[in-house]
Amino acid sequence: GARRSYHAMLRLVDVADADFAHSLRCGTFRLQVGGFSVRIDSDIAALRTGLRQVYAHYPVSLSGGYYDFDIAIRPASLLRRWLRQNVVFCLSGQAPFLPMAVDHAHALFEWGLNWTMGSSVHQYLVLHSAVVEKQGKGIMLSAASGSGKSTLTAELVMRGWRLFSDELALIDGAAPHVQLVPFPPVSLKNQSIELIRRRHPEAQFGPLAHATQKGTIAHLRAPDESIDRAAETAQPSLIIFPKWTAGAPLRVQPVGAGQAAMRLIDQSFNYPVLGSLGFLQLADLVQSAPAWELEYSSLDDAVDALDDLLADDA
């Protein structure tokens, strides 16, 4: 089927439970995430619950048609089909990961979707980075796992910054200048979940996945404005390398373009695949967006520092 206007599509919140379940079982369900259409095939109730909670206001289709990715969450075996203990993630019929407990079905979907994007969308340079936007300026937050990147992203989003992504910066080098492509929601783990809940009681989360390899995981639902504007790209204005350190005073330090490029290469999913094109895209990125190290122990200090950097960039 032909692509349809993002704003004209049906939203998941408006779909009846029976119709949603039937569409998932039949493989005709399509979830629109930014510029991508995802076919989802599953009869796992835990996945339906997670999708309902996290993607309530995303555009969907129940009648099949075009899709970019073919994803299924299924019982791990015929025996498991009846016992409902383990499920697997499948991409185009192949299962790249070990089975997980059925109550982790939504977390497995999110991890699998990020993995799918990172390993297959080679029309973009894909970097491991959160992306937010304020006042028309795109901010990349690039850091390894455990740096506090996702917690800072959640804090910014709950303060009104537009969410692009918690995990993936999709750099579109085909545009006249480097553009960032939206792809929410935000994955939080362990103490960060309760921290954001305490600071922002209005925050809405998907189901908790306990005792995963990363501990307890939950996904923060993207604000409606971020979803509604998911077709809008933005030009990167700042590259931030954040690091939360307990008790540390605020430290903001510039990073040279060459060093920033090397750090981003280390956080890239497909830089080697793109070859010279990836080099040119990365060079354009670090030349157009100043880079900074941001070490902090207070979320309030970190947000104030980012506001100051944005103001200085004006």
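1. Internal cavity. In this predicted model, the structure contains 1 cavity of 30 Å³ or more. The space within the largest cavity amounts to about 80 Å³. Its lining consists of Glu110, Asn114, Ser165, Asp166, Glu167, Phe183, Pro184, Pro185, Val186, Ser187 and His219. Two elements, α4 (105-120) and β14 (186-189), each give two or more residues to this lining.

2. Character of the cavity lining. By residue class, the lining of the largest cavity divides into 4 nonpolar, 4 polar and 3 charged residues. Phe183, Pro184, Pro185 and Val186 are among the lining residues, as are Glu110, Asp166 and Glu167.

3. Largest pocket. The volume of the largest pocket is about 1000 Å³. It is lined by 36 residues, of which Ser145, Ser187, Lys189, Lys214 and Ile217 are the closest to its centre. The elements that supply two or more residues to the pocket lining are α4, α5 (149-158), β14 and α6 (191-199). The lining divides into 14 nonpolar, 16 polar and 6 charged residues.

4. Elements and residues in both linings. Helix α4 and strand β14 give two or more residues to the lining of the largest cavity, and α4 and β14 also do so for the largest pocket. Ser187 lines the cavity and is one of the residues closest to the centre of the pocket.

5. Orientation of helix α8. Within α8 (residues 257-266), the buried residues are Ala260, Ala261 and Leu264. These residues lie on the same side of the helix because they cover an arc of only 100 degrees around its axis. In general, residues three or four places apart in an α-helix point the same way, since there are 3.6 residues a turn. Met262 and Asp266 are exposed, and they are carried on the face of α8 turned away from its buried side.

6. Packing of helix α8. The buried residues of α8 pack against the strands β8 (125-128), β10 (137-141), β17 (236-244), β18 (251-255) and β19 (291-296), and against the helix α10 (276-288).

7. Cysteines. The count of disulfides is 0. Cys26 takes part in no disulfide, and the nearest cysteine sulfur to it, that of Cys90, is 18 Å away; a disulfide would require the two sulfur atoms to be within 2.5 Å. Cys90 is likewise in no disulfide, its nearest cysteine sulfur being that of Cys26. As to their surroundings, Cys26 is partly exposed, with a relative accessible area of 43%, whereas Cys90 is buried, with a relative accessible area of 8%.

Definitions and conventions. Residues numbered from 1 in each chain as written. Predicted model: local features only at pLDDT ≥ 70, side-chain atom pairs only at ≥ 80, totals over all residues. Heavy atoms only, no water. Buried < 20%, exposed > 50% of the residue type's maximum accessible area, 1.4 Å probe, protein only. Helix = DSSP H or I, 4+ residues; strand = E, 2+ residues; numbered from the N terminus. Arc of directions from axis to C-beta. Contact = heavy atoms within 4.5 Å. 1 Å grid on protein atoms, 1.4 Å probe; cavity = no way out; pocket = protein on both sides within 12 Å on 5 of 7 lines; lining within 4 Å. Points joined across faces, edges and corners; volume = space filled by probe spheres on them. Nonpolar A, V, L, I, M, F, W, Y, C, P; charged D, E, K, R; others polar.
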